[in-house]
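Morning, everyone. Let me put one structure on the screen and walk you through it.

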Amino acid sequence: MDPTAIGVIGLGTMGIGIVQVFASAGYQVLATDSQAPACASANHRLAAALASRVQAGKLTETDSIAILSRVRVVDGPARMAPVALAIEAVVEDLPVKRAIFSALERVIAPDSILASNTSSLPIAQMAEGLACPGRLVGLHFFNPAPAMKLVELVAHADTAPWVLPQVRALMKPVGKTLIDCPDRPGFIVNRCARPFYGEALALLEEGRSAAAMDAAMLAAGYRLGPFSLIDLVGADINLAATEGLNRAMGGHPRYHVFAALRAQAASGNLGRKTGKGFVFPD
Ligand code: NAD
């Protein structure tokens with residue numbers, strides 16, 4: 001196992017940001033996605049993100065080149081044998097995530113760690129069926145991963161005692177704020193955020209305008225209104241997280257899945273990643 005190597009599986013909104021975070025902290029990053037276009041565009045997307053930091057005077061050209069040189073796109077989890085930590089950031093779907101972890105645990109060293117960036121799925125359920133469930137944790141980055149300080153760290157009931165100190169040590173150079181969270185649906189932030197989205201979606205269904213609500217929340221001191229936040233996260237991802245919490249909480253009305261959110265996800269206007277959302281790009 002190479003303590004300087006990190007694996008990232010899934011190179012969408014979150015995955016590419018997580019690649020940037022670890023490569024910027026000096027790690028060698030092996031990155032992969034099941035979709036060829038996501039793999040093919042990964043270096044270009046990362047270069048574009050770094051170029052805007054260079055332009056803003058937050059990064060030197062030399063450092064940007066060094067960061068890019070530390071990232072290698074590989075053709076699947078089977079190529080991740082050397083990594084000390086493998087993080088998945090694929091679709092919010094339990095069987096898909098489980099399949100990735102079982103592929104990873106066949107190749108990585110016994111003292112390497114598996115982590116999920118899930119927003120809402122219980123880590124204990126994800127660990128079921130693994131040969132070594134004790135080395136799986138939740139490592140929940142926020143969007144955009146390079147900018148957001150918080151990472152929720154989630155152990156489950158059977159997490160092995162050596163795992164959390166090792167994760168903390170690996171995360172130290174990254175410079176994020178790690179907060180221990182319970183393995184409860186939505187952990188802390190997504191659980192607290194559900195009623196925020198829910199009340200806004202209820203008002204939308206009552207005929208209020210999304211833009212007016214976002215403007216009100218901004219003027220009230222929030223950094224982003226609920227609809228700008230859904231556009232940032234992706235309506236599909238927000239829907240999957242809400243459905244996950246709703247199921248896990250026995251259909252409690254606090255985690256109601258609003259028709260307006262379902263319709264938005266079904267429309268394909270998912271927010272920033274598709275170029276149009278509830279309020280994006282206005
Ligand atoms: P996304 O849709 O932008 O990207 C998902 C990527 O995973 C895609 O590139 C897809 O091709 C890839 N993928 C799908 N199945 C795969 C497989 N079997 N193997 C390899 N790659 C596969 O999604 P996202 O917004 O980046 O979310 C990813 C995860 O991060 C989800 O679990 C989500 O809940 C969580 N998350 C999302 C946000 C957010 O704001 N979007 C924030 C925190 C956590």
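**A loop, two domains and a ligand**

Start with Phe-187, in the loop between strand S8 (177-181) and helix H7 (189-205). Keep in mind that this is a predicted model. Phe-187 is not a glycine, yet its phi is positive, about 50°. Most residues other than glycine have a negative phi. Is Phe-187 buried or exposed? It has 23 C-beta neighbours inside 10 Å, so it counts as buried.

Now the domains. The domain assignment splits out domain 1 (2-181) and domain 2 (190-272). Their centres, taken over C-alpha atoms, are 26 Å apart. Seven residues from domain 1 and 10 residues from domain 2 make the contact. On the domain 1 side, that is two nonpolar, four polar and one charged.

Where does the ligand lie? Between the two domains, because both give residues to the shell around it. That shell holds 29 residues. Closest to the ligand are Gly-10, Gly-12, Met-14, Ser-119 and Asn-143. Four elements come up with two or more residues: helix H1 (13-24), helix H4 (94-105), strand S6 (136-141) and helix H10 (235-248). H1 gives the most, with three. By type, the shell has 14 nonpolar residues, 12 polar and three charged.

Back to Asn-143. A cis peptide bond joins Asn-143 to Pro-144, with omega about 0°. Pro-144 sits in the loop between S6 and strand S7 (150-154). Another cis peptide bond links Phe-280 and Pro-281, with omega about 10°. Pro-281 falls in the segment after helix H11 (259-267). Most peptide bonds are trans.

How values were computed
Residues numbered from 1 in each chain as written. Predicted model: local features only at pLDDT ≥ 70, side-chain atom pairs only at ≥ 80, totals over all residues. Near = placed C-beta within 6 Å. Nonpolar A, V, L, I, M, F, W, Y, C, P; charged D, E, K, R; others polar. Domains from an automatic or database assignment. Contact = placed C-beta atoms within 7 Å. Buried ≥ 20, exposed ≤ 12 C-beta atoms within 10 Å, placed from the backbone.
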